[in-house]
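Colleague: I'm new to this one. Could you walk me through how to read it, feature by feature?

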Amino acid sequence: MVQHTATSVVTIERYIIEQERLHPEATGELSGILYDVALAAKMIASKVRRAGLADILGSADAENVQGEIQQKLDVFANETLIRAMDHGGRLCAMASEEEPGIIQIPDNFRCGKYVLLFDPLDGSSNIDVNVPVGTIFSVMRKITRGTRGEMEDMLQPGRRQVAAGYIIYGSSTMLVYTTGQGAHGFTLDPSIGEFLLSHPDIRIPAVGRYLSVNDSYEQFWEEPVKALMRRYRGLDGERKPLNVRYVGSLVADIHRNLLGGGVFAYPANQKSPKGKLRLLYEANPLSFIVEQAGGAATNGTNRILDIYPTDLHQRTPLYIGGVDEVEQATAMLGGALSNVGA
Ligand code: AHM
Ligand code: MG
């Protein structure tokens, strides 16, 4: 890794190029995908920042003062990502939480050797109350032989991701990504429109501080999950209690715990036996990042990154954060944790 001091000004473009130079065999295609995602992120950030003005500038499906048609933000984010990514010649297909099937590259554009999976605007129901939302993305190498991307290219276990990241649209906009050499964070400087390196080589604190869980589902949890949550809260006397913090916006909850330490849990419950969160668009990319930061992620019985997906929109229970807390989950839920940490 190229070392930078806390005061060097390093743009995301320069950082990606420097990382690429460490791999003489790299073709630059992956770097190109990351630039394009960063560009889409800036476009989405600019729109999200104006979200509170939607009523003033025009209502849904009506023309606003700029002559644009107002769109729901999640639809805008989805289309922005597709338009930013479909013509670069680096992808052979995409998949989005917002679309039922594979998104093919239009015939007039070249197909590349990667697939991109994304959740364009996670937590978008929080926009109305000015709570942070996020974009999550995952990049896999194409494994099938033809030119176009196929379902088999999408349904690969998360450990085969070559890059993953998220963007948090909060009090500032941040992009955190990994290509398997640590997790690095960049903050958007809106005055110059650049993502600047602000959090090189993020490490999740070894001592957890936070527990993020929606415990309004407690009545529907199985007994071992209830016991685990009592453990996290220090109610069984086995550990120091964690502090409960739940935004209800996945990227914001993960981001806080990544920097502050702790665990995020979205267990299965009797009403949602497979949990709520999506393996390919949410759990896999976030698990890759958290593992690269020295943490871990499980569905309770298996490491998230080892799960073989069978369906594009598959859901999974998720316990993700510091190794100690995730190990506690696997011990109490009957799983075995392998390959934790980076
Ligand atoms: P979405 O993809 O429909 O936006 O839902 C995902 C969101 C996550 O951001 C968040 O962690 C979770 O749903 C919250 O769910 P709940 O309200 O059940 O706690
Ligand atoms: Mg989502």
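Modeller: Happily. Let's start with A95, which sits in strand β1. Keep in mind that this is a predicted model.

Colleague: Is A95 buried or exposed?

Modeller: Look at the relative accessible area: under 20% counts as buried. For A95 the value is 0%, so this residue is buried.

Colleague: Which residues is A95 in contact with, leaving aside its neighbours within four places in sequence?

Modeller: They are I103, L116, L117, F118, M154, Y281 and L312. For another view, take P317, which is 222 residues from A95 along the chain; their C-alpha atoms are separated by 21 Å.

Colleague: Next, the metal. Which residues are the protein donors of the magnesium ion (ligand 2)?

Modeller: For a metal site, list the donor atoms and then see where their residues fall in the sequence. Here E97 and E282 each give an OE atom, while D119 and D122 each give an OD atom, at 2.0 to 2.6 Å from the ion. Along the sequence, the spacing of these donor residues reads E-x21-D-x2-D-x159-E. E97 belongs to the loop between β1 (91-96) and β2 (103-104), and D119 to strand β3 (residues 114-122), so this pair ties together parts 22 residues apart in sequence.

Colleague: How do E97 and D119 compare in burial?

Modeller: E97 has 23% relative accessibility and counts as partly exposed. D119, at 1%, counts as buried.

Colleague: And how should I read a helix?

Modeller: An α-helix has 3.6 residues a turn, so residues three or four places apart point the same way. Now try helix α9 (residues 323-333), where E325, V326, Q328, A329, T330 and L333 are buried.

Colleague: What covers the buried residues of α9?

Modeller: The cover includes helix α6 (223-232) and the strands β11 (262-266), β12 (296-298) and β13 (318-321). Just after α9 comes G334, with a positive phi of about 95°.

Colleague: Can we step back to the whole protein? How many helices and strands does the protein have?

Modeller: There are nine helices and 13 strands. The radius of gyration is 20 Å, close to the 20 Å that the globule rule gives for 342 residues, so the protein is as compact as a globular protein of that length. Of those 342 residues, 52% count as buried.

Colleague: What about contacts along the chain?

Modeller: Take the contacts between residues at least 6 apart in sequence: 62% of them join residues at least 24 apart.

Conventions
Residues numbered from 1 in each chain as written. Chains lettered and ligands numbered in written order. Predicted model: local features only at pLDDT ≥ 70, side-chain atom pairs only at ≥ 80, totals over all residues. Heavy atoms only, no water. Helix = DSSP H or I, 4+ residues; strand = E, 2+ residues; numbered from the N terminus. Rg over C-alpha atoms; globule rule 2.2 N^0.38 Å. Buried < 20%, exposed > 50% of the residue type's maximum accessible area, 1.4 Å probe, protein only. Contact = heavy atoms within 4.5 Å. Donors = N, O, S within 2.8 Å, 3.2 Å for Na, K, Ca; no water.
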